[in-house]
Amino acid sequence: MAGGWARDGAVSEQIEASINDELARLKARRAPVGESLTHCAECEEPIPEKRRLAIPGVKLCIDCQQERDGAHQARGGINRRGSKDSQLK
């Protein structure tokens with residue numbers, strides 16, 4: 001159900017495109033390489049063995065990784081695929 005000048009299914013297409021963009025961004029991130037560290041490179045806390053086995057090449061503990069990930073979330077909130085009317089509101 002689309003309203004205004006948008007064709008039917010346009011909203012679903014926008015949602016799908018946004019999800020695909022985010023998945024592509026996550027896949028493009030560089031994965032850790034090499035051997036996992038036993039202690040965090042930033043805070044020196046031990047990295048649990050299960051984390052080291054799950055993510056080969058891990059260098060940070062969960063807390064430090066979450067802090068680092070949170071710092072990179074400052075992206076624009078503009079819907080690039082939105083209709084002209086939705087951007088004017």
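Okay, let's start with a cysteine: Cys 61 is buried, at 8% relative accessibility. Keep in mind that this is a predicted model. Cys 64 counts as buried too, with a relative accessibility of 9%.

So what is the distance between the sulfurs of Cys 61 and Cys 64? For Cys 61, the nearest cysteine sulfur belongs to Cys 64, and that one is 3.6 Å away. Turn it around and Cys 64 has the sulfur of Cys 61 as its nearest, again at 3.6 Å. The cut-off for a disulfide is 2.5 Å between the sulfur atoms, so a pair at 3.6 Å doesn't count. Neither Cys 61 nor Cys 64 is in a disulfide, and the search of the whole structure comes back with 0 of them.

Right, on to charges. How many salt bridges does a search of the whole structure find? There are 2.

Take Glu 22 and Arg 25: their side chains meet in a salt bridge, at 2.6 Å from N to O. Both residues sit in helix 1, which runs over residues 10-28, and they are 3 residues apart, about one turn of the helix. Glu 22 is partly exposed, at 26% relative accessible area, and Arg 25 is partly exposed as well, at 33%.

Then we've got Glu 42 with Arg 68, where the closest N and O atoms are 2.5 Å apart. This pair links distant parts of the chain, 26 residues apart. Glu 42 is in the loop between helix 1 and helix 2, while Arg 68 is in helix 3, residues 62-71. Here too the residues are partly exposed: Glu 42 has a relative accessible area of 46%, and Arg 68 has 41%.

Methods
Residues are numbered from 1 along each chain as its sequence is written. This is a predicted model: local features need pLDDT of at least 70, side-chain atom pairs count only at pLDDT 80 or more; totals for chains, interfaces and linings use all residues. Side-chain values use heavy atoms; hydrogens and water are left out. A salt bridge is a side-chain nitrogen of Lys or Arg within 4 Å of a carboxyl oxygen of Asp or Glu. Helices (H or I, at least four residues) and strands (E, at least two) are DSSP runs, numbered from the N terminus. Buried means under 20% relative accessible area, exposed over 50%, partly exposed in between (1.4 Å probe, protein chains only).
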